[in-house]
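This report describes selected features of one protein model, taken region by region. The sequence and the structure are shown first, and the discussion follows.

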Amino acid sequence: MNEHDSEIMAGMLIEEGFQQVESRKEADIVIINTCSIRDNADKRFFGTLGQLKRRKKENPEFTVCVCGCMMQQQHVIDTIKAKYPWVDVIFGTHNIHRLPELLANIVAEKGKQLDVWPEGGEIVEGLPCERLHKSKALVNIMFGCNNFCTYCIVPYTRGRERSRRPDDILGEVKNLVADGVKEIMLLGQNVNSYKGIKTDSADEICDFADLIYMLNEVEGLERIRFMTSHPKDLSDKLIQAFVDCDKLCKNIHLPVQSGSSRILKAMNRRYDKEKYLELVKNLKAAVPGITMSTDIIVGFPGETEEDFEETLDLVRQVRYDSAFTFLYSIRKGTPAEKYENQVPEEIKHERFNRLVDLVNSISAEKNAAYAGRTEKVLVEGPSKTNSKTYSGRTDGFKLVNFPGNESMVGCMVDVRITEGKTFSLEGEVL
Ligand code: 5AD
Ligand code: SF4
């Protein structure tokens with residue numbers, strides 16, 4: 001979501017006549033869009049900000065803007081004011097559309113700009129966007145989160161749930177397709193609780209599955225993905241959409257967080273291990289070959305060795321294609337911050353390593369089974385390390401590397417998989 005916000009900010013500034021530069025060193029204006037999800041994101045922000053102080057000293061016209069989730073927390077604003085008073089513009093997650101105006105105020109020497117809204121107002125439609133990829137686009141469908149998982153800062157930084165109107169989403173997707181987009185990623189903290197009100201009939205609610213069925217009809221669009229879905233709200237209707245909608249990719253990111261029902265309760269996740277495994281069983285039965293990924297937190301307060309073994313057991317049962325694994329990180333203002341039974345760092349790390357080993361060995365086994373198959377791949381571009389190697393994603397979101405050339409970018413190509421590695425597949429274009 002932050003990445004998409006950055007695309008929108010870039011779009012707005014380009015519309016104002018600004019230019020994007022490759023390196024921070026060349027920039028006259030720097031905007032740091034912050035993340036708050038874990039402590040290391042916070043730390044990296046202050047490190048980066050500190051590095052800019054010298055530039056500001058050398059050139060007072062050099063403008064530093066900071067925004068994003070961290071700015072929605074008063075303690076962060078207090079720290080910036082006290083330790084980094086030379087920052088020019090501070091704004092939050094709810095008012096990125098105000099960036100051009102805030103910058104204009106700086107140019108007009110109206111002084112430092114602090115504009116952070118505690119809650120989101122009306123959803124602002126029609127903002128420009130400078131996409132990272134030509135052929136795939138991020139599309140917000142809802143903002144905010146009402147779930148208040150006890151470890152999570154998001155409900156405090158992104159506010160309450162608000163859904164865009166289905167007509168606005170449809171209009172945006174059609175424009176994207178006209179602009180060359182083949183794949184869209186529908187974004188929301190909890191897309192399963194999307195509730196859109198139709199413009200022409202206020203009492204007709206469009207739920208998330210309805211939205212997928214609607215977008216599946218868009219001519220020229222080839223792939224639909226979404227993230228993130230909360231297991232407690234994953235409906236049978238959505239599972240059916242995987243069966244009925246040919247454009248909906250057979251892949252789901254379904255964060256489990258823990259395999260222990262006791263810990264899930266303490267996390268306020270509102271499902272237990274059995275319910276989650278049942279969902280996985282239903283998904284796999286309805287959508288043969290569906291690929292799955294997840295998020296797992298290790299070392300939530302009170303997690304015992306037995307709880308952790310429940311997580312390992314769940315991972316063995318589900319056999320995820322991949323998983324994002326996180327060390328629990330205390331977030332200021334969340335209920336779990338106050339929990340007294342915090343797990344010692346060395347235990348967290350030891351469990352984390354065991355989990356990563358298991359997850360990776362399953363990923364490697366699953367990827368190895370792709371050797372010899374032919375997969376449709378949407379080509380994204382050259383790899384960072386080798387300009388002759390191109391990469392793209394399969395329908396199941398597997399990253400594939402293959403010898404390629406610039407003419408393939410943005411195209412859907414058939415790739416014969418020659419080898420499956422832990423984090424990617426190798427192949428050759430047919
Ligand atoms: N500590 C560690 N991981 C966290 N996540 C969210 N909050 C925390 C935290 N306090 C993880 C969850 C979520 C993902 C985006 O980040 O797994 O799904
Ligand atoms: Fe955070 Fe839970 Fe909301 Fe996800 S569902 S954003 S983990 S509070």
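Helix 7 is the largest contributor to the lining of the second largest pocket, supplying 4 residues. The model is a predicted one. Helix 1 (2-15), strand 5 (136-140) and helix 7 (166-178) each provide at least two residues of that lining. In total, 32 residues line the second largest pocket, and those nearest its centre are His4, Ile8, Val124, Leu127 and Asn140. The space in this pocket amounts to about 720 Å³. By character, its lining comprises 12 nonpolar, 10 polar and 10 charged residues.

**The shell of ligand 2**

Ligand 2 is surrounded by Cys145, Asn147, Phe148, Cys149, Tyr151, Cys152, Val154, Pro155, Gln189, His230 and Arg269. This shell divides into 7 nonpolar residues, 3 polar residues and 1 charged residue.

**Nonpolar cores**

The largest nonpolar core holds 68 residues, and the members that touch the most others are Ile184, Leu186, Phe208, Ile212, Leu215 and Phe226. Leucine 215 may serve as an example: with residues up to four places away in sequence not counted, it touches Ile169, Leu170, Val173, Ile184, Leu186, Leu221 and Ile224. A second core, separate from this one, has 18 residues, among them Leu52, Val64, Val66 and Val76.

**Helix 5 and its surroundings**

Helix 5 spans residues 99-107, and its buried residues are Leu99, Pro100, Leu102, Leu103, Asn105 and Ile106. Elements covering these buried residues include helix 1, strand 1 (29-34), strand 2 (63-68), strand 3 (89-91) and strand 4 (113-115). Helix 1 also contributes at least two residues to the lining of the second largest pocket. After helix 5 comes glutamate 109, which has a positive phi, near 55°.

**Backbone features in loops**

Two further residues, both in loops, have a positive phi. Glutamine 257, which is not a glycine, has a phi of about 75°. Glutamine 257 is placed in the loop between strand 12 (251-253) and helix 10 (261-266). Because its relative accessibility is 7%, glutamine 257 counts as buried. Phenylalanine 397, likewise a residue other than glycine, has a positive phi near 70°. Its loop runs between strand 16 (389-393) and strand 17 (399-403). Phenylalanine 397 counts as partly exposed because its relative accessibility is 32%.

A cis peptide bond, with omega about 5°, links methionine 227 to threonine 228. Threonine 228 belongs to the loop between strand 11 (223-227) and helix 9 (236-244).

**Isoleucine 296 and valine 343**

Isoleucine 296 lies in strand 13 (residues 291-298). With a relative accessible area of 0%, isoleucine 296 is buried. Apart from neighbours within four places in sequence, its contacts are Val256, Gln257, Thr311, Val315, Ala323, Phe324, Thr325, Phe326 and Leu355. Glutamine 257, described above for its positive phi, is thus one of the contacts of isoleucine 296.

Valine 343 is found in the loop between strand 14 (322-327) and helix 13 (345-368). Its relative accessible area is 9%, so valine 343 is buried. With neighbours within four places in sequence set aside, valine 343 is in contact with Gly299, Phe300, Pro301, Gly302, Glu303, Lys348 and Arg351.

**Two glutamates in helices**

Glutamate 15 is part of helix 1, and glutamate 309 is part of helix 12 (residues 305-318). Glutamate 15 counts as exposed because its relative accessibility is 63%. Glutamate 309, in turn, has a relative accessible area of 40% and is therefore partly exposed.

**Separation in sequence and in space**

The table sets out pairs of residues with their C-alpha to C-alpha distances.

| Pair | Separation in sequence | C-alpha to C-alpha distance |
|---|---|---|
| Valine 343 and threonine 304 | 39 residues | 8.5 Å |
| Glutamate 309 and serine 258 | 51 residues | 9.9 Å |
| Isoleucine 296 and aspartate 233 | 63 residues | 18 Å |
| Glutamate 15 and isoleucine 330 | 315 residues | 40 Å |

Conventions:
Residues are numbered from 1 along each chain as its sequence is written. Chains are lettered from A and ligands numbered from 1 in the order in which they are written. This is a predicted model: local features need pLDDT of at least 70, side-chain atom pairs count only at pLDDT 80 or more; totals for chains, interfaces and linings use all residues. Side-chain values use heavy atoms; hydrogens and water are left out. A residue is near a molecule or strand if one of its heavy atoms lies within 4 Å of it. Ala, Val, Leu, Ile, Met, Phe, Trp, Tyr, Cys and Pro count as nonpolar, Asp, Glu, Lys and Arg as charged, and the others, Gly among them, as polar. A nonpolar core is a set of buried Ala, Val, Leu, Ile, Met, Phe, Trp, Tyr and Cys residues joined through side-chain atoms within 4.5 Å. Buried means under 20% relative accessible area, exposed over 50%, partly exposed in between (1.4 Å probe, protein chains only). Contact means heavy atoms within 4.5 Å. On a 1 Å grid over the protein atoms alone, a cavity is a set of points where a 1.4 Å probe fits but cannot get out, and a pocket is an open set with protein on both sides within 12 Å along at least five of seven lines; lining residues have an atom within 4 Å of a point. Grid points are joined across faces, edges and corners, and a volume is the space filled by probe spheres set on the points.
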